[in-house]
Amino acid sequence: MELDEIYEGIIAGDMNAVVEEVKFALEDGRTASDILNNSMVPAMTAIGKQFETGDCFVPEMLIASRAMKAGLAVLRPHLQAADVKPAGTMIIGTVQGDIHDIGKNLVSMMVEGVGWQVVDLGVNVTPQQFVAAVREHKPRVLGMSALLTTTQSNMRAIMQALNESGVRDQVTVIVGGAPVTERFAQDIGADLYALDASSAASQLLALSNA
Ligand code: B1M
């Protein structure tokens, strides 16, 4: 069945197999969120566990991520609603020192899916770049992602830069990523915390309806 093939394909880093199987799964009538939550995200979690136990190394994680990204590209249009007027703009980036972007990309896609325009600043984004992007794009929301315990503290530096440059009040700040907790979010003065991409999307949807 396609979901098993997608799961195995990501773990093996077989990009072509993942792309083909995601297409088959969609043709078979599976929803994008079913494919995502029941095969793709669990595959990345399994790779992480293998890395922790020393059963795989950075190169395997890299090729698994490449396969995941290729599959996500096929899913992207199916995660997004058509013909929705942007409810607002969110800028988003992975914080300085951190190059993990799969979760951030997923958040972007889901947020676009609920009608928001997303400006993706990429990875390894410095506090100064966040501030410059607020000035340039005048977003309603600023999103930060961090996957490393060592880089989540850079979220605090970004909050400080927003305050010091006088733009903090112009944006609602949402934070997330594996090591980030609700308590940490409150501690650094963020407005919102999301455990996962769908929670981020539903919180922004609530914001657009407020
Ligand atoms: Co890295 N890595 N990695 N890695 N990597 C982790 C995070 C790790 C937990 C693995 C492990 O030890 N088990 C560990 C961190 C340990 C820690 O800090 N506690 C780790 C490490 C140590 C490292 C390196 C230091 C390894 C090394 O070089 N020795 C290095 C650091 C590089 C750097 O950033 N400077 C490194 C490198 C890499 C790769 C480049 C090989 C690759 C990244 C490829 C890429 O992203 N393009 C990689 C990968 C793939 C992982 C794991 C296996 C998978 C991450 C992932 O994509 N998950 C990861 C282990 C794991 O998480 N199980 C691991 C799937 C994704 C959908 O989930 O990103 O959590 P996630 O996003 C979720 C939520 O967190 C949330 O929503 C998303 C979707 O639901 N979310 C938000 C995320 N951002 C949000 C923002 C929001 C709201 C919600 O609002 C704005």
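Biologist: How many residues does helix 3 have, and how far does helix 3 reach from its first C-alpha to its last?

Modeller: Please bear in mind that this is a predicted model. Helix 3 has 21 residues, and the distance from its first C-alpha to its last is 29 Å. At 1.5 Å a residue, 30 Å is expected, and the value found is close to that.

Biologist: Where does helix 3 bend?

Modeller: The bend, of about 25°, is at Met-40, and the proline Pro-42 follows within four residues. Just after helix 3, Gly-54 adopts a positive phi of about 80°.

Biologist: Which residues of helix 3 are buried?

Modeller: The general idea concerns the helical repeat. An α-helix has 3.6 residues a turn, so residues three or four places apart point the same way. In helix 3, the buried residues are Ala-32, Ile-35, Leu-36, Ser-39, Met-40, Ala-43, Ala-46 and Ile-47. Phe-51 also belongs to helix 3, which covers residues 32–52, but Phe-51 is partly exposed, with a relative accessible area of 36%.

Biologist: Which residues make a nonpolar surface patch with Phe-51?

Modeller: Val-58 and Leu-62 join Phe-51 in a patch of about 280 Å².

Biologist: What span should helix 4 have, and how far apart are its end C-alpha atoms?

Modeller: Helix 4 comprises the 22 residues 58–79, which at 1.5 Å a residue should span 32 Å; the end C-alpha atoms are 29 Å apart, which agrees. Helix 4 nevertheless has a kink of about 35° at Ala-73, shortly before Pro-77. Among the buried residues of helix 4 are Ala-64, Met-68, Leu-72 and Leu-75.

Biologist: In what order do the strands of the sheet lie, and is the pairing parallel or antiparallel?

Modeller: Strands of a sheet pair through backbone hydrogen bonds, either parallel or antiparallel. In this model, five strands form an open sheet in the order 2-1-3-4-5, with parallel pairing. Strand 2 (117–120) and strand 5 (192–193) are the edge strands, each pairing on one side only.

Biologist: How many bridges join strand 3 to strand 1, and how many to strand 4?

Modeller: Strand 1 (residues 89–94) is joined to strand 3 by five bridges, and strand 3 pairs with strand 4 (residues 172–176) over five bridges as well. Two residues of strand 3 serve to trace the register. Val-141 stands opposite Met-90. Ser-145 stands opposite Thr-94, and its bridge partner in strand 4 is Gly-176.

Biologist: Which residues point each way from strand 3?

Modeller: In a regular strand the side chains alternate between the two faces of the sheet. Here Val-141, Gly-143 and Ser-145 point one way, whereas Leu-142 and Met-144 point the other way. Five of the five residues of strand 3 (residues 141–145) are buried.

Biologist: Is Ile-91 buried or exposed?

Modeller: Ile-91, which lies in strand 1, is buried, with a relative accessible area of 0%. Its C-alpha atom is separated by 8.4 Å from that of Arg-140, although the two residues are 49 residues apart along the chain.

Biologist: Which loops contain Asn-124 and Lys-138, and what phi values do Asn-124 and Lys-138 have?

Modeller: Asn-124 is in the loop between strand 2 and helix 6 (127–137), and its phi is positive, near 55°. Asn-124 is partly exposed, at 38% relative accessible area. Lys-138 lies in the loop between helix 6 and strand 3. Although not a glycine, Lys-138 has a positive phi of about 45°. Lys-138 is exposed, with a relative accessible area of 65%.

Methods
Residues numbered from 1 in each chain as written. Predicted model: local features only at pLDDT ≥ 70, side-chain atom pairs only at ≥ 80, totals over all residues. Heavy atoms only, no water. Patch = residues over 30% accessible without salt bridge, like charges linked within 9 Å, V, L, I, M, F, W, Y side chains within 5 Å. Areas by Shrake-Rupley, 256 points an atom, 1.4 Å probe, with all protein chains shown as cover. Salt bridge = Lys/Arg side-chain N within 4 Å of Asp/Glu carboxyl O. Buried < 20%, exposed > 50% of the residue type's maximum accessible area, 1.4 Å probe, protein only. Expected span 1.5 Å × (residues − 1). Bend = angle between axes of the 7 residues up to and from the residue. Pairing = 2+ DSSP bridges.
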